[in-house]
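Visitor: I have a model open in front of me and I'd like to learn how to read it. Can we go through it feature by feature?

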Amino acid sequence: MAYIANSDQDRAKMLTAIGVGSIQELFDDIPKSLRFPELGLPAPYSELDCMAELESLAVENLSTGAAISFLGAGAWNHFIPSVVPFLAGRGEFATAYTPYQAEASQGTLQSVFEYQSMISELIGMEVVNASHYDGSTSLAEAAMMSVNVSRGKRKKVLVSGGVHPEYRRVMQTYLQAMEVELLGINESSSPSPEAFLEAGGNPASTYAGDPRAEVEALAKAADENTACVVVSSPDFFGRVIDLDGIAEQLKPKGVLLVVNTEPISLAVFRDPGSYGADIVTGEGQPLGIDLSYGGPYLGIFGTRKDLVRKMPGRLAGATVDTEGSRGFVLTLNTREQHIRRDKATSNICTNQALMALRAAIYLTAMGPEGLKRVAEICYHRSHYAAERINELPGYSVPDLGAPVGGAQPQSVFFKEFVVRTPRPAKDLINELAEEGIIPGLDLGRYFPGRRNELLIAVTEMNSRLEIDALVEALEEQS
Amino acid sequence: MRKERPKLLFEISRPGRRAVRLPENEVPETEIPAGLRRKKLTLPELSELDVVRYFTRLSQLNFSIDTNFYPLGSCTMKYNPKLNEATSSLEGFSGHHPLTPMKFSQGSLELIYRLQAQLSEISGFAQASLQPAAGAQGELTGVLMIRAYHTHRGDTKRRKMLIPDSAHGTNPATVTMAGYEVVEIPSDTEGNVDLQALKAACDDTVAGLMITNPNTLGLFERRIEEVTKAVHDCGGLVYGDGANMNAILGILRPGDVGIDVMHFNLHKTFSTPHGGGGPGAGPVATNEKLVEFLPGPIVEESADGFRFHMPKHTIGRMKAFHGSFGMLVRAFTYILSNGGSGLRELSEIAVLNANYLKHKVSEVFPAKYNRTCMHEFVSVGKLSDRVHTMDVAKRLLDYGMHAPTVYFPLIVKEALMIEPTESESVETLDEFAAVLLKVAKEAEETPELLEQAPHEMPLRRLDEVYAAKNLVLRAQDLAEVEL
């Protein structure tokens, strides 16, 4: 076997050295009747056969490389510069482990420190940790941290309807044992998991109004039993929300403001820190990380410096060696599970180091001008697409301020927007996908009442030609 | 190893440098409202070569499996096959959007379905969910499932989770997150769970037991069936921490000895790269009792092909989308490459290598428990009043060997936990043993050599206390502290 070095002769020599007759004897501690079960698995594949088998599966997917795709909703098709996979793929990074021995792990530790530095700048928070599993678990841990900041006394978390429905579901999983209620506007109690699923994901699903008004309502509803208010900007529907004055309303009540964000938007839009957010989370996948059917991704997590000891997750910090040279170590370990055990801030014991490295390489390669350019292209092209689609008979884009069903105010969106469709979005998608165009997400997937709506994402990967092709294809379906 | 103190990005950044050429906008511009616009963004500015050289040099400051022997106990630092990287990089997977309609995602869905079945087969369980992103998240999943099971039956007085004192710190931390109390169970003189103490702790307030088998001492729980029976008899369930699964592939199926639910560390047992601390993947498998509580979605086969579904009483989602999919592709590739017979051989040689190394170092670093070990063993690294385990660890780095895990498990003072894995040749094991013995000799003759180690690394020993005191967590704060 290619993954084992020792030959039969080596094995015989080793057994002699330890004075054991056979390898089987090493397993005498294992219950005899259950020892060495026959596994119902196929015989080993050759490297060629293995590659062929995986290739045959991979081609069954309609990937972004094979289609013109406008899917977003928490994972976006962004350009990844060649240097990112090339450098992050180096075995010295990929096949190292957690930097327990700092002197033999300066590559990993310094890259994490660079990641923390650049993300801190981007999201406007003083402290950024070495990352969580993805945007959803970052947000769930932020809610838990908020409860812990109140020493477990505050038992309510208020969540905006603009938070990704899957994120809200993950928060519910994480908080189910803490007896904390997750509430949206107009919700008097947390739904049970079953009810939540029956509702198609999000009980606040009908909410489609002015996002700023909703956040203000949440801030007003927050009381002395509320640990935090959780908002998303850009939100699940792509809308950028003006959060001016919200933190100021929450502060006197001792309520934390948790903002989930999208990192590329922050090259052109104000960072959550500038609005006084206490905890900022986000999905880091747009920063040079493959779509890869949903993972592995990168959970961004930042907070204020005075809350650092309550923050879950690893941290790299600068220090000196015995000769006074600068170096990096994991620090504030006393918050963590391997020291504090049942008193730890979280059970998290790793980070997404390789994904954080990809983000660090991506941001370095892009630089301030490059990242800004990507953000501007997303912004301009998504508006171009929205305006063209809004002109099509039967379609409308509410965020452009179209007078559909009353007074829908105009919203600012970054790279995603909602389109009302003349037919169920699911049917549109299925038909267009056959032609190689995935026009977006069927909102009915999460919100039963919104089956005639598409969520469309436009990035720098969608040329004007692709947008025009989408517009034409939608027109034919109207 | 390269001896240098690499600068930070902001120290080599120069205004106006660019590393990426981006396209034109191509469409009419739309104004960004002034009140929402960002004023200033400071990021490094480098040429493409600067970027390549900077990160390449950083990489050269790491020890890794590809460059060094890495016997880090409990972490299973086995070879990470390059084929796995090739398959997971196929554009059909890497470029597959997670919200693509199921009809156009049959390749990924089939892979998930088959991996669910493979992991269930290997472990002796009815069903697996590939949702959890890491081992610790797998633990949380399992304990939440146990909690949901009891709650569903209206059995709400069970508040305690039993945990052996040799357990990983994630176990008790998980129990707290799941709203339970930890009850620690001592180990007996053979390094196994103290059965008497366990039985005494079992009553109708016990939700379950979390057990790692082989345990963190690298020892198999000889009376595992009695252990699980004691817990079942009082109405509790047994969680299996799969951290040490690399010792028992094709040797024993945890589901056959009374474990009710367990997680796998795909980044240990199934060779997905550790990535400098992640990403990993921590799928969970379970028996019929708990199948309907699994996190979802999981994939099932139907007349229309493969599709997602949510178990009836699911504890919910553990993360957005469908698990750490890229890691799943790698693990699936690894299982296909090895087949059933190959997996058993991996575990056999992992155990042979550990026992051989244990024998080779036994004169100076005898194993704490003198038994046949599984895939790893625990010795004591302290050599004298002056020379501690940490000094031995740091000195090993000078010889190009990554240190074993140190000071864990907590029940062995000054622990040195060594896991060679099946990947390593007998020559590498001999060399490591020789280096360890040489270091022990140095400890006797020139203890200061160890106390001041490392000497040959890019940096000398780093001051962790200084880091915790000064808390410089980003380049922006460097100006405040002189570093």
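Guide: Let's start with domains, and keep in mind that this is a predicted model. In chain A, the C-alpha centres of domain 1 and domain 2 lie 27 Å apart.

Visitor: Which residues belong to each domain of chain A?

Guide: Domain 1 of chain A is made of two pieces, 68-80 and 367-477, while domain 2 of chain A covers 84-361.

Visitor: How many residues are in contact between domain 1 and domain 2 of chain A?

Guide: On the domain 1 side there are 29 residues, and they meet 30 residues of domain 2 of chain A. Looking at the domain 1 side, the elements that give two or more residues are H12, strand S12 (412-413) and strand S13 (416-420) of chain A. H12(A) has the largest share of that side, with 7 residues. Sorted by class, the domain 1 side holds 19 nonpolar, 5 polar and 5 charged residues.

Visitor: And chain B, what does its domain assignment give?

Guide: For chain B you get domain 1 (9-59), domain 2 (84-337) and domain 3 (345-466). The C-alpha centres of domain 1 of chain B and domain 2 of chain B are 42 Å apart.

Visitor: Now the two chains together. How many residues of chain A are in contact with chain B?

Guide: 172 residues of chain A touch 174 residues of chain B. Helix H12 (residues 353-390) of chain A gives the most to chain A's side, namely 24 residues. By class, that side of chain A comes to 86 nonpolar, 52 polar and 34 charged residues. So you meet H12(A) twice on this tour: it also has the largest share of the domain 1 side facing domain 2 in chain A.

Visitor: How should I read the confidence values?

Guide: The general idea is simple: where pLDDT is low, the predicted coordinates should not be read in detail. For chain A the mean pLDDT is 93, and 94% of the residues reach 70 or more. The stretch to watch is residues 201-207 of chain A, where pLDDT stays under 50. For that stretch the model has 24 contacts beyond four places in sequence.

Visitor: What about overall shape? Why does the radius of gyration of chain A agree with a compact globule?

Guide: You compare the chain with what its length would suggest. A compact globule of 478 residues would have a radius of gyration near 23 Å, and chain A has 25 Å, which agrees. Along the principal axes, the C-alpha trace of chain A spans about 85 × 55 × 50 Å. Chain B, with 483 residues, would also be expected near 23 Å as a compact globule; its 25 Å agrees. The box filled by the C-alpha atoms of chain B is roughly 70 × 70 × 45 Å.

Visitor: What share of the residues in each chain is buried?

Guide: In chain A, 62% of the 478 residues count as buried. In chain B, buried residues make up 62% of 483. You can also ask how far apart in sequence the contacting residues are. In chain A, 72% of the contacts with a separation of 6 or more involve residues 24 or more positions apart.

Visitor: How many helices and strands does each chain have?

Guide: Chain A has 14 helices and 16 strands, and chain B has 14 helices and 12 strands.

Visitor: How do I read strand pairing?

Guide: Strands of a sheet pair through backbone hydrogen bonds, either parallel or antiparallel. For a parallel case, take strand S3 (residues 156-159) of chain A, which is joined to S5(A) by 4 bridges. Within that pairing, Val159(A) has Val230(A) as its bridge partner. S5(A) also pairs in the parallel sense with strand S7 (residues 256-261) of chain A, over 5 bridges. There, Val231(A) stands opposite Val259(A).

Visitor: Is strand S5 of chain A largely enclosed or left open, and why?

Guide: Largely enclosed by the rest of the structure, because 7 of the 7 residues of S5(A) (residues 226-232) are buried.

Visitor: And where can I see antiparallel pairing?

Guide: Look at the open sheet of 3 strands in chain A, in the order S13-S16-S15. S13 and strand S15 (441-442) of chain A stand at the edges with a single partner strand each, so one side of each has no neighbour in the sheet. S15(A) pairs with strand S16 (residues 453-457) of chain A over 2 bridges, and Leu441(A) stands opposite Leu455(A).

How values were computed:
Residues are numbered from 1 along each chain as its sequence is written. Chains are lettered from A and ligands numbered from 1 in the order in which they are written. This is a predicted model: local features need pLDDT of at least 70, side-chain atom pairs count only at pLDDT 80 or more; totals for chains, interfaces and linings use all residues. Two residues are in contact if their C-beta atoms, placed from the backbone, lie within 7 Å. Ala, Val, Leu, Ile, Met, Phe, Trp, Tyr, Cys and Pro count as nonpolar, Asp, Glu, Lys and Arg as charged, and the others, Gly among them, as polar. pLDDT is the predictor's confidence in each residue, from 0 to 100. Domain bounds come from an automatic or database domain assignment. The radius of gyration is taken over C-alpha atoms; the globule rule is 2.2 Å times the number of residues to the power 0.38. A residue is buried if 20 or more other C-beta atoms lie within 10 Å of its own, exposed if 12 or fewer, and partly exposed in between; C-beta atoms are placed from the backbone. Two strands pair if DSSP finds at least two bridges between them.
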